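Colleague: I am new to this structure and would appreciate a short introduction. May I put a few questions to you?

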Amino acid sequence: MLRRNVQMFRNFRSMALILITACVFIVAGCGQQAPTSQTTDKAAASNSPAPSPSAQPSSSAEYTVKHAMGETKITGTPKKVVVLTNEGTEAVLSLGIKPVGAVKSFTSTGDWYEHIKADMQGVTVVGDENQPNLELIASLKPDLIIGNKLRQEKVYQQLSAIAPTVFSEKLMGDWQINYRVYAEALNKKAEGDKIIGDFENRITAFKQKAGDKLNTKVSIVRFMPGKVRIYMKDTFSGVILKKLGFQRPAPQDQEKFADDVQKERIPDMNGDVLFYFTYENDKGEGSKIEQEWLNDPLWKNLDVVQKGHVQQVSDAIWNTAGGIKAANLLLDDLEKYFLKK
């Protein structure tokens, strides 16, 4: 009896040992969880090749811009920009950059143009297009200066000693050429191309909607202190009218800038429609010239005047601002006059 009990005890102990061992294996197996996605990602990253330098554009990369004065090397995307033309200011703003300094707008008050005033709050005025303040520009410590050969060629070397400087060639007609130079200098060529593309799409849409209205002969006149001009085709407004396909009166159908005229040339202002704008100074002399001419018998006898097809428009938008923002606003004016009547 005793022997049988001992044997039973031994069998029980063996069964218990087997059971405990099985539990240990089960618990151990449960403890080996599947790897988390984070762990998997880390492992994959450790096994992937590192990206090449070209795959991650560096903000300190150097690039070269060809422009009116030669070539300029620029390192990194410019952040502190000084602009020395009005149309350049519009280009910089359109590309999402607020300049640290810019030449003043051509206004009698010295304020920024109305259509950019909100965007230019806090921007330092660095003189005007014809006489930029070099000392003030240097104090702003820019990493890029944008200017124009026609306006500032004499001080190009001094500006280049302050910061990399890029100049456009001229300022009269095709502002889009300058815009592309500025966009490249700002390391924003792709963005610039899209903005120009959007503008060209507006031109195309206008032409499709206007149809036979593009046969209209459009006259452009400007009143200024001490002078009056008939504007031809190589002007800011003239280039846009040409792109749209509008006709010009025969005396204005010339690939040049403008004629300063006396009253005997008033008949050359005639057209199917006449747009005029007035540049004012702080003495109100522009408005005086305007009223003198508008009340002249030769003006009153123009067919376009007698038919009531004369429109006064903004001098800033149709002429002096000269950039991408003004170009779009000028299109707005033309759409209102020709397409929404």
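Modeller: The following exchange concerns a sheet and two helices in this predicted model.

Colleague: Let us begin with the sheet. What is the order of its 5 strands?

Modeller: The order is E5-E4-E3-E8-E9 in an open sheet, and the pairing is parallel.

Colleague: Which strands stand at the edges?

Modeller: Those are strand E5 (124-125) and strand E9 (165-168). Each has a single partner strand, so one side of each lacks a neighbour in the sheet.

Colleague: How many bridges join E3 and E8?

Modeller: Strand E3, residues 81-83, pairs with strand E8, residues 144-148, over 3 bridges in the parallel sense. Within this pair, Val 81 has Leu 144 of E8 as its bridge partner.

Colleague: Turning to the helices, what does H3 touch on the sheet?

Modeller: Helix H3 packs on the sheet and touches E3, strand E4 (101-102), E8 and E9. The direction of H3 makes about 145° with that of E3.

Colleague: And where does H7 lie?

Modeller: Helix H7 lies across E8 and E9, and runs at about 165° to E9.

Colleague: At what angle do H3 and H7 pack?

Modeller: H3 (residues 86-94) and H7 (residues 175-185) pack at about 50°, and their axes are 10 Å apart. That angle makes H3 oblique to H7. The crossing of H3 past H7 is right-handed.

Colleague: Which residues make the contact?

Modeller: H3 contributes Glu 87, Gly 88, Ala 91 and Ser 94, while H7 contributes Trp 175, Asn 178, Tyr 179 and Tyr 182. Of the residues in this contact between H3 and H7, 4 are nonpolar, 3 are polar and 1 is charged.

Definitions and conventions: Residues numbered from 1 in each chain as written. Predicted model: local features only at pLDDT ≥ 70, side-chain atom pairs only at ≥ 80, totals over all residues. Heavy atoms only, no water. Axes fitted to C-alpha atoms, helices over the stretch in contact; angles between N-to-C directions. Helix = DSSP H or I, 4+ residues; strand = E, 2+ residues; numbered from the N terminus. Parallel < 35°, antiparallel > 145°, perpendicular 65-115°, else oblique. Left-handed = near helix turned anticlockwise from the far one by under 90°. Contact = heavy atoms within 4.5 Å. Nonpolar A, V, L, I, M, F, W, Y, C, P; charged D, E, K, R; others polar. Pairing = 2+ DSSP bridges.
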